[in-house]
Amino acid sequence: MAQRIQGTEDLYGGYMRGWQHIQDTARELFGTYGFDMIETPAIEQVDTFVHGIGESTDVVRKEMFRVFSGALMERLIGAGGEGGLKAKQRMALRPEGTAGVVRAAVEDKLVSQGAAPVKLWYAEAMFRGERPQKGRLRQFHQVGIEWMGAPDPAADAECVIVLMEYFRLLGFDPARLRLRINSMGDATCRPAYREKVRDFIIAHAHELCADCRERADVNPLRAFDCKVDHDREIMAHAPLVTDHLCDTCAAHYAQVKCYLDEAGVAYVEDPTLVRGLDYYTRTVFEVDALDSGVGAIGGGGRYDDLVELEGGRPTPGIGFAVGFERISLALAACGGSLETKPPACVYVACAAPEQRDAVFSTSLALRRAGVRTEADYQGRSLKSQFKQADRLGARLCVVLGADEVASGTATLRDMQTHEQVRLPLAELVATVSQRIS
Ligand code: AMP
């Protein structure tokens with residue numbers, strides 16, 4: 001039997017309802033902040049991610065799943081490599097949401113010059129070729145927002161505020177969340193800071209792991225994220241970005257903090273917080289659920305150069321993404337859950353096969369009135385129809401026997417109290433609808 005790929009999950013039942021709840025909450029909350037939903041394709045040109053996320057990032061270098069059709073694969077094998085492929089033939093599954101949404105905003109001209117900022121949100125599957133472990137999957141789901149055209153520090157603060165509000169609505173106790181913020185500077189001040197970190201890594205190369213030594217040239221700021229404890233201790237003495245911000249970045253960061261203070265959002269400043277993707281500028285933030293053991297449950301930041309990198313006019317941007325599976329794990333670790341029971345339903349049973357047609361028409365009428373309705377399709381006895389109704393969690397059971405059908409009535413049974421009442425069939429839909437709601 002073929003098996004599910006390691007690091008992927010089937011979503012169904014209560015877990016699926018959890019994913020839907022996360023989307024419904026997002027639709028409502030993000031809607032009040034003016035965000036509209038977008039869905040971009042799961043496959044994009046490799047260039048979309050290379051331009052945006054950065055060639056040197058782990059996500060692009062090691063984790064992105066590449067996509068080849070069978071025919072293309074055969075040609076590649078014949079040609080001994082993908083050197084001859086056109087850009088449009090080099091495809092990948094999206095490892096994150098921002099680059100694709102920004103590509104769409106540029107291609108579909110969603111942010112024309114001088115127009116109102118574009119505010120979008122998405123709920124999509126993402127794919128990363130990581131080593132699967134708890135809270136780290138190869139296919140996972142993210143909900144995120146992208147806000148383009150708003151350079152104002154109020155946008156940074158509102159992004160963080162809506163993120164924290166989202167977590168609260170999903171059932172997190174704000175006291176058990178830790179929000180870390182930082183500023184990563186911009187094109188004016190970051191290059192010089194990057195050099196300083198590079199020099200620091202080179203000066204401490206003998207004490208650092210091989211990955212960090214490699215990072216010195218490729219992506220020095222990533223050394224702050226090293227998983228090796230000893231490396232982290234050393235990097236704690238590296239130059240800090242907040243000491244090297246230019247005046248405009250420092251002022252922007254200060255204003256973001258003022259707004260967060262005014263909104264009463266608690267945060268910790270972490271000058272070593274550097275998010276894994278190249279496109280971030282200025283404000284970055286990440287949220288951990290304390291004691292949950294699942295790592296970050298969400299994060300984001302400003303990306304003022306990304307729209308240009310994706311081929312658009314210079315347009316500032318900011319956004320965040322949260323991971324559905326991590327949120328589920330983190331909530332479970334503190335005794336909460338996103339999972340909900342199936343919605344209330346009614347079961348329509350018949351006493352004998354002669355009433356099967358009456359079950360069909362009654363079920364149809366109930367469903368057309370919006371009532372979730374189940375029935376038997378396997379010729380079960382009345383007793384086993386009751387058992388099935390119980391298994392399905394039916395609140396009410398409509399019983400149709402010879403008497404009922406002959407007299408144009410139905411028996412309505414409460415599945416909890418087992419109380420039964422006989423009522424005219426004409427009143428059934430209204431009575432059931434009212435009792436179910
Ligand atoms: P990132 O784009 O890496 O900042 O991820 C944003 C959020 O997505 C994280 O905070 C996690 O909640 C979630 N996430 C990232 N990578 C994975 C993964 N491999 N498996 C499950 N969730 C993930």
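**The ligand and its surroundings**

Select the ligand of this predicted model and display the residues around it: 14 residues surround the ligand. The closest are R128, E130, L137, Q142 and R275. Coloured by class, this shell shows five nonpolar, four polar and five charged residues.

**Backbone atoms beside the ligand**

Next, show the backbone atoms of G135, L137 and A296, and follow each one to the ligand. At L137, a backbone N or O atom lies 2.8 Å from a nitrogen atom of the ligand. At G135, a backbone N or O atom is placed 3.5 Å from a nitrogen atom of the ligand. At A296, the partner in the ligand is an oxygen atom, 3.2 Å from a polar backbone atom of that residue. How much of the ligand does the protein bury? Taken alone, the ligand exposes 480 Å², and the protein buries 90% of that area.

**The strands that supply the shell**

Now select β6 (139-148), β10 (296-302) and β11 (317-323), the elements that each give two or more residues to the shell around the ligand. Which of the elements gives the most to this shell? That element is β10, with three residues.

**Two helices that cross**

Move on to helix α1, residues 13-32, and helix α12, residues 324-333. A pair of packed helices is described by the angle between their axes together with the distance between those axes. The axes of α1 and α12 come within 11 Å and cross at roughly 110°. Because of this crossing angle, α1 is roughly perpendicular to α12.

To view the contact itself, select Y15, G18, W19 and I22 in α1, then add F324, E325, I327 and S328 in α12, which they meet. By class, the contact of α1 with α12 comprises five nonpolar, two polar and one charged residues.

Technical notes
Residues are numbered from 1 along each chain as its sequence is written. This is a predicted model: local features need pLDDT of at least 70, side-chain atom pairs count only at pLDDT 80 or more; totals for chains, interfaces and linings use all residues. Side-chain values use heavy atoms; hydrogens and water are left out. A residue is near a molecule or strand if one of its heavy atoms lies within 4 Å of it. A polar contact is a pair of N or O atoms within 3.5 Å; within protein, one must be able to donate a hydrogen and the other to accept it, and residues adjacent in sequence count only if both atoms are side-chain atoms. Accessible areas come from the Shrake-Rupley method with a 1.4 Å probe; for residues, only the protein chains shown count as cover. Helices (H or I, at least four residues) and strands (E, at least two) are DSSP runs, numbered from the N terminus. Ala, Val, Leu, Ile, Met, Phe, Trp, Tyr, Cys and Pro count as nonpolar, Asp, Glu, Lys and Arg as charged, and the others, Gly among them, as polar. Axes are lines fitted to C-alpha atoms, for helices over the stretch in contact, and angles run from 0 to 180 degrees between N-to-C directions. Angles under 35 degrees count as roughly parallel, over 145 as roughly antiparallel, 65 to 115 as roughly perpendicular and the rest as oblique. Contact means heavy atoms within 4.5 Å.
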